[in-house]
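Please work through the following exercises on side-chain contacts and helix packing. Each task is followed by a solution in steps.

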Amino acid sequence: MLKQTGKKKGFPMIRRLRLQFVAVCMMLITAVLAAVLMAVYSAAERGSERASRTVLERVLAEENAFSHAGPSGPALGSGKVQLPYFTVQIWGGDTVYVTGGTYKDIENTDELSAILQDCLTQGQQEGTISAYHLRYLRQDNGIFTRIAFVDTSMEQASLKAMMSSYLQISLAALLLLLAVSVGLSWWVTRPVERAWAQQRQFLSDASHELKTPLTVILSNAELMEASPLEERQARWADNIHSEARQMRTLVEEMLTLARADNMVPTVVFSDVNLSDTAVDCALLFEPVAFEAGKPLEYDITENVFVSGDAGKLKQIISVLLDNAIKYGADGGAIRLTLAKTDRQARLQVSNQNANGPIPPDQLPRLFERFYRADASRGEKSGFGLGLPIAASIAQEHKGALKAESDLAGTRFIFTMPLKK
C-alpha cells in the first residue's frame with residue numbers, strides 16, 4: 001500500500017532562526033531577573049541581619065536589661081520591632097544564669113545546654129545557631145561572659161514569604177515576556193522569510209522556464225548530429241549537445257532542491273528492500289569504478305527492509321558512489337557496506353583520500369550547495385549539488401547523512417529507521 005507524505009510548512013531555517021531569537025531573548029531576560037532577585041534577596045537578608053544585630057547590641061548595652069522580663073527592640077521605621085530574645089551570663093565556665101529576655105522556662109534545660117555548647121564551640125563573637133534559629137552576640141567581661149540570643153524565625157519566614165511572592169511575579173513576567181518574544185520573533189523574521197520565499201520561488205520558476213529552451217536546443221543538436229556535417233561543424237554540434245546535456249542536469253538538480261525547499265511532497269512511501277537497491281547500484285557503478293581504476297567492493301546485509309521511496313533511496317546511493325569514484329585516490333578501492341542495527345539501517349560509502357583528509361570544519365559544508373572542499377574538487381565534473389540533494393532526501397526519510405574523514409579515507413554514512 002503506497003502512501004504519500006509531505007505537508008507544506010514554513011522554512012526550517014526560518015523556524016530555527018525564530019527559536020534562536022526567542023531562546024536568546026529568554027536567556028537574557030532570565031539572567032537579568034535572576035540577578036535582580038539575588039540582589040533583592042541579598043539586600044533583604046542584610047537588612048534583617050542588621051535589625052537582629054541591633055537588638056543584640058541594645059540588649060547588651062542596657063545595664064538594666066536583666067532586671068525586667070519585657071521585650072526589647074530597636075525603633076525601625078514607623079513602629080517598634082519586637083524580636084524574641086534572651087540573655088545569659090556564664091561565670092567560671094560552668095555556672096549559667098538566664099538574666100533576661102522573652103523566653104520562659106529556658107533555664108536549666110537541655111536545649112539551653114545544647115545552644116551554649118554550640119555557641120562556645122564556634123569560638124566567635126557573633127554567629128548563628130541554625131538548629132535553633134538563633135543569632136547570638138557574645139561579650140567577654142573578664143570575670144564572666146555575657147551572651148545575647150535573638151530568634152531569627154520571623155526573619156527567615158519573612159524572607160521566604162517575600163521571595164515566594166517575587167518568584168511568582170517573576171514567573172508571570174517570564175511567561176508574558178515569552179509571549180512577547182514569540183511575537184517579536186515573527187515580526188523580525190518576516191522580511192527574511194519573505195525574501196527567502198521569493199528566492200526559492202525564483203529558483204523554481206527559473207528552473208521550469210529553462211527546461212523548455214534546453215529541450216529545444218538538445219533536439220536541434222541531435223538533428224544536426226544526425227545530418228551529414230563537415231568535421232568542424234560536427235565538433236560544434238557535439239559541443240552544443242554536450243553542454244546542453246550538462247545544463248539540463250544542472251536545471252534538474254536545481255529543480256529538485258527547489259521542490260525540497262518549498263516542501264512540495266515528492267516522496268511516495270512503500271516497503272523497500274534496501275539491500276536489493278544497494279546491490280543494483282553497486283552493479284550499475286561497478287564498470288564505472290573499474291574504468292576509473294578504482295575497484296568497487298561491497299558488503300551488503302540481506303533483507304534490510306525500510307519504508308521509503310525506492311527511487312529516492314537509489315538516488316542517494318548513486319550520489320554517494322559517484323562522489324566516491326570522482327574524488328577517490330587513483331587506484332584506491334571504493335567500499336559500499338550496508339548493515340542493520342536494532343532500529344536503523346546503516347549504509348556507508350568510503351574511498352581513499354586523494355589529497356589527504358578533509359578538514360573537520362569543512363565536513364558539514366560538503367552538504368551546502370555549490371560548495372567544494374578544495375580547489376582540486378573543482379576540476380571534477382559536477383555542480384556541487386549531489387550531496388545537498390542526498391541530504392534533502394535523507395531528511396525526507398527521517399534519516400541522517402553525515403561525512404567523516406581521516407588518514408584512512410573519507411566516509412559518507414546514511415542512516416534511516418528500519419521498517420516497523
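The exercises below concern a predicted model.

**Exercise 1. Helix packing**

Task: Describe how helix α6 and helix α7 pack, and state which residues meet.

Solution.
Step 1. Two packed helices are described by the angle between their axes and the distance between the axes.
Step 2. Helix α6 spans residues 310-327 and helix α7 spans residues 386-396; the angle between them is about 145°, and their axes are 9 Å apart.
Step 3. The handedness of the crossing of α6 and α7 is left-handed.
Step 4. On the α6 side the contact is made by K312, Q315, I316, V319, L320 and N323, and on the α7 side by G386, L387, I389, A390, I393 and A394.
Step 5. Sorted by character, the residues of this contact comprise 8 nonpolar, 3 polar and 1 charged.

**Exercise 2. Burial and backbone at α7**

Task: Which residues of α7 are buried, and what phi does K398 take just after the helix?

Solution.
Step 1. The criterion for burial is a relative accessible area under 20%.
Step 2. In α7, the buried residues are L387, P388, I389, A390, S392, I393 and A394.
Step 3. Just after α7, the phi of K398 is positive, at about 55°.

**Exercise 3. A salt bridge between a strand and a helix**

Task: How many salt bridges does the model contain, and which parts of the chain does the pair of E126 and R53 tie together?

Solution.
Step 1. Side chains of opposite charge can pair when their charged atoms come close.
Step 2. The cut-off is 4 Å between a side-chain nitrogen of Lys or Arg and a carboxyl oxygen of Asp or Glu.
Step 3. Under this rule, the model has 8 salt bridges.
Step 4. In the pair of E126 and R53, the closest N and O atoms are 2.7 Å apart.
Step 5. Because E126 belongs to strand β6 (residues 126-129) and R53 to helix α1 (residues 12-61), the salt bridge ties together parts that are 73 residues apart in sequence.
Step 6. E126 is partly exposed, with a relative accessible area of 34%, and R53 is partly exposed at 29%.

**Exercise 4. A salt bridge within one helix, and a network**

Task: Where do K326 and D322 lie, and which residues are linked in a network of salt bridges?

Solution.
Step 1. K326 and D322 form a salt bridge whose closest N and O atoms are 3.2 Å apart.
Step 2. Both residues lie in helix α6, 4 residues apart, which is about one turn of the helix.
Step 3. An α-helix has 3.6 residues a turn, so residues three or four places apart point the same way.
Step 4. K326 is partly exposed, with a relative accessible area of 23%, and D322 is partly exposed at 29%.
Step 5. The network links K402, E404, D406 and R411.
Step 6. Within this network, K402 forms a salt bridge with E404, with the closest N and O atoms 3.6 Å apart.
Step 7. K402 is partly exposed, with a relative accessible area of 45%; E404 is partly exposed at 27%.

**Exercise 5. Aromatic pairs**

Task: How many aromatic pairs are there, and what is the geometry of the pair of Y136 and F149?

Solution.
Step 1. A pair of aromatic rings is described by the distance of the centres and the angle of the planes.
Step 2. The count of aromatic pairs is 3.
Step 3. The rings of Y136 and F149 are 6.2 Å apart centre to centre, with 50° between the planes, and the pair is tilted.
Step 4. Y136 lies in strand β7 (residues 134-140) and F149 in strand β8 (residues 144-151), 13 residues apart.
Step 5. Y136 and F149 are both buried.
Step 6. Ring pairs join F86, Y136 and F149 in a cluster.

Methods:
Residues are numbered from 1 along each chain as its sequence is written. This is a predicted model: local features need pLDDT of at least 70, side-chain atom pairs count only at pLDDT 80 or more; totals for chains, interfaces and linings use all residues. Side-chain values use heavy atoms; hydrogens and water are left out. Axes are lines fitted to C-alpha atoms, for helices over the stretch in contact, and angles run from 0 to 180 degrees between N-to-C directions. Helices (H or I, at least four residues) and strands (E, at least two) are DSSP runs, numbered from the N terminus. A crossing is left-handed if the near helix is turned anticlockwise from the far one by less than a right angle, and right-handed if clockwise. Contact means heavy atoms within 4.5 Å. Ala, Val, Leu, Ile, Met, Phe, Trp, Tyr, Cys and Pro count as nonpolar, Asp, Glu, Lys and Arg as charged, and the others, Gly among them, as polar. Buried means under 20% relative accessible area, exposed over 50%, partly exposed in between (1.4 Å probe, protein chains only). Rings of Phe, Tyr and Trp (its six-membered ring) pair if their centres lie within 6.5 Å; planes under 30 degrees apart count as stacked, over 60 as edge-to-face and the rest as tilted.
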